Amino acid sequence: ILLMGSTVPLCSAQWERMFNTSRIPGEESDTLQHVKDSKHIVVYHKGRYFKVWLYHDGRLLKPREIEQQMQRILDDDSEPQAGEEKLAALTAGDRVPWAKARQAYFSRGKNKQSLDAVEKAAFFVTLDDIEQGYRKEDPVRSLDTYAKSLMHGRCYDRWFDKTFTLVVFKNGRVGLNAEHSWADAPIVGHLWENVMATEYLELGYSEDGHCKGDSNQNIPIPTKLQWEIPEECQEVIERSLRTATALADDVDFYSFFFDAFGKGLIKKAKTSPDAFVQLALQLAHYRDMGKFSLTYEASMTRLFREGRTETVRSCTVESCNFVRTMEDPTESKDNKLKFFRLAAAKHQHLYRLAMTGAGIDRHLFCLYVVSKYLAVDSPFLKEVLSEPWRLSTSQTPQQHIDLKKNPEMLSCGGGFGPVADDGYGVSYIILDENSIHFHVSSKISCPETDSHRFGKNIQKAMVDIMGLFNLRINCTK
């Protein structure tokens, strides 16, 4: 992968662990287990786990044959075994109880065999028995529940330790739940675009709604995984489920489509689309909370070998000056525009520094690791690393789908929860020339935050900033 079509390559190490990988719980620290190859997936449906071989006669199954295997699972009316239905709640709760339970109850016999099948699967699939997806008659609530369901489901119907769970809803809508330790959002986004493009442009369906091709009755049926889960382990599962459900129920999620304008008009304003959105977030956050907060924006560092992310600290002296100027009715439009230009230039400069290894936070983290190794107590590091990121942001890049050729292949991108109890998590994807999709999250238990209120503030801030330029925008929707 080359940076913006140039000759500069980006490190591709993260893709290697996309499949055949699982996060293994440990009492001190977790580890990533990656097997070289896997010829099966594990499918969860109505509380049962099924092992599905993806190869037959030395070749990968064809789409119609995979459909046949999924249909066999849907037609299986067997009941879950004791403790099986909510087993995956262990992966959603605290890590130490899961590590201890794994050692005590899943290290031998059929439980070990079945857990091995899950952890060494290429990936995990949930055939969900509810319907989700965008509905024109209720666009706001339908997108919110769609996003929340993909993020945590019922807390026991996604295997959160797998690199990703492919979630297929009853009405055919699909999405991914991804574990974060093995890779960053652009890698999962790239996978998702590939899935959409392959299904839509290459595979397709027959007129009666089936995958193209023929079924094959010679393929062995999916195998039901066998478990023997004692009552004391079931109690651990229930405790983990209560912990996870409390976290999930506290997530206030707002997913919305912004189509007053997109990167086309922003570029006409001669500014970076990302800098524009980040300054809109600063303005929206100030209006929402009445103060400035430490802001995290993820930047990739894949110019370096095995590079992951660096932080762009988007709340700068320049951005604060711009926001104050915007909120001052006595300031002229020209002055507001001048402060916007200064803030946008500073943001782009910080982004370039972060991307090229000259950021702040990874260096601070390195100092922290060294201080621990040398047993040196640093009041400075203690203070600077304990500051909460009350506004955590990330852009999901649009990668290889050409939306000019296929405008119907818009994706909502992805989202995440808030990283501070009294903060917001904001993810956005700059889709095409005319639209941006936002995901805003916060905690219901915090009386100061409200995801829908902040989302409305973001939309207004975007329009207000664009109003500084003499450009026409569509504000009717």
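**Cysteines, sheet and nonpolar cores in a predicted model**

The sulfur of Cys233 lies 18 Å from the closest cysteine sulfur, which belongs to Cys155, and this separation is too far for a bond. Cys233 is also buried, its relative accessibility being 0%. The structure described here is a predicted model, and a search of the whole of it finds zero disulfides. Cys366 likewise takes part in no disulfide, the nearest cysteine sulfur, that of Cys11, being 17 Å away. In its surroundings, however, Cys366 is exposed, with a relative accessible area of 51%, whereas Cys233 is buried.

The description turns next to the sheet that contains strand E3. This open sheet is built from six strands in the order E9-E8-E7-E3-E4-E10, and the pairing within it is mixed. Its edges are formed by E9 and by strand E10 (223–224), each of which pairs on one side only. Helix H5 packs on the sheet, where it touches E8 and E9, and the direction of H5 makes an angle of about 160° with that of E9.

Within this sheet, strand E3 (residues 40–45) has six of its six residues buried, so that it is largely enclosed by the rest of the structure. The covering extends to both faces of E3, since His40, Val42 and Tyr44 on one side are buried, as are Ile41, Val43 and His45 on the other. On one flank, E3 is joined by six bridges to strand E4 (residues 48–53), and the two strands run antiparallel. In this pairing Val42 stands opposite Lys51 of E4, while His45 has Arg48 as its bridge partner. The hairpin formed by E3 and E4 has two residues between the strands, and Lys46 adopts a positive phi near 50° there. E3 also pairs with strand E7 (residues 124–127), in this case in the parallel sense and over three bridges, with Val43 placed opposite Val125 of E7.

Helix H5 (residues 185–203) comprises 19 residues and spans 26 Å from its first C-alpha to its last, a value close to the 27 Å expected at 1.5 Å a residue. The buried residues of H5 are Pro186, Ile187, Val188, Gly189, His190, Leu191, Trp192, Glu193, Met196 and Ala197, and the buried residues of this helix pack against strand E8 (164–168) and strand E9 (174–178). H5 is followed by Gly204, for which phi is positive, near 70°.

The largest nonpolar core contains 40 residues, and those touching the most other members are Phe261, Phe276, Phe322, Val426, Phe438, Ile458 and Met462. Two or more residues are contributed to this core by each of strand E11 (251–258), helix H7 (263–268), helix H8 (273–289), helix H9 (317–326), helix H10 (333–355), strand E15 (424–430), strand E16 (436–443) and helix H13 (451–466). The greatest contribution comes from H8, which gives nine residues. The surroundings of Phe438 illustrate the packing: once neighbours within four places in sequence are left aside, this residue is in contact with Tyr254, Ser255, Phe256, Phe258, Val277, Val426, Ser427, Tyr428, Ile458 and Met462. A second core, separate from the largest, consists of 29 residues, including Leu115, Cys155, Phe160 and Leu225.

Among the strands that contribute to the largest core, E11 is mostly covered, with seven of its eight residues buried. E11 and E16 run antiparallel and are joined by eight bridges, and in this pairing the bridge partner of Ser255 is His439 in E16.

A further buried position is found in helix H12 (residues 379–384), which includes Leu381. This leucine has a relative accessible area of 7% and is therefore buried. Apart from neighbours within four places in sequence, Leu381 is in contact with Leu364, Leu367, Tyr368 and Ser371. The C-alpha atom of Leu381 is separated by 46 Å from that of Arg173, the two residues being 208 residues apart along the chain.

Notes
Residues are numbered from 1 along each chain as its sequence is written. This is a predicted model: local features need pLDDT of at least 70, side-chain atom pairs count only at pLDDT 80 or more; totals for chains, interfaces and linings use all residues. Side-chain values use heavy atoms; hydrogens and water are left out. A nonpolar core is a set of buried Ala, Val, Leu, Ile, Met, Phe, Trp, Tyr and Cys residues joined through side-chain atoms within 4.5 Å. Buried means under 20% relative accessible area, exposed over 50%, partly exposed in between (1.4 Å probe, protein chains only). Helices (H or I, at least four residues) and strands (E, at least two) are DSSP runs, numbered from the N terminus. Contact means heavy atoms within 4.5 Å. Two strands pair if DSSP finds at least two bridges between them. The expected span of a helix is 1.5 Å times one less than its number of residues. Axes are lines fitted to C-alpha atoms, for helices over the stretch in contact, and angles run from 0 to 180 degrees between N-to-C directions. A disulfide is a pair of cysteine sulfur atoms within 2.5 Å.
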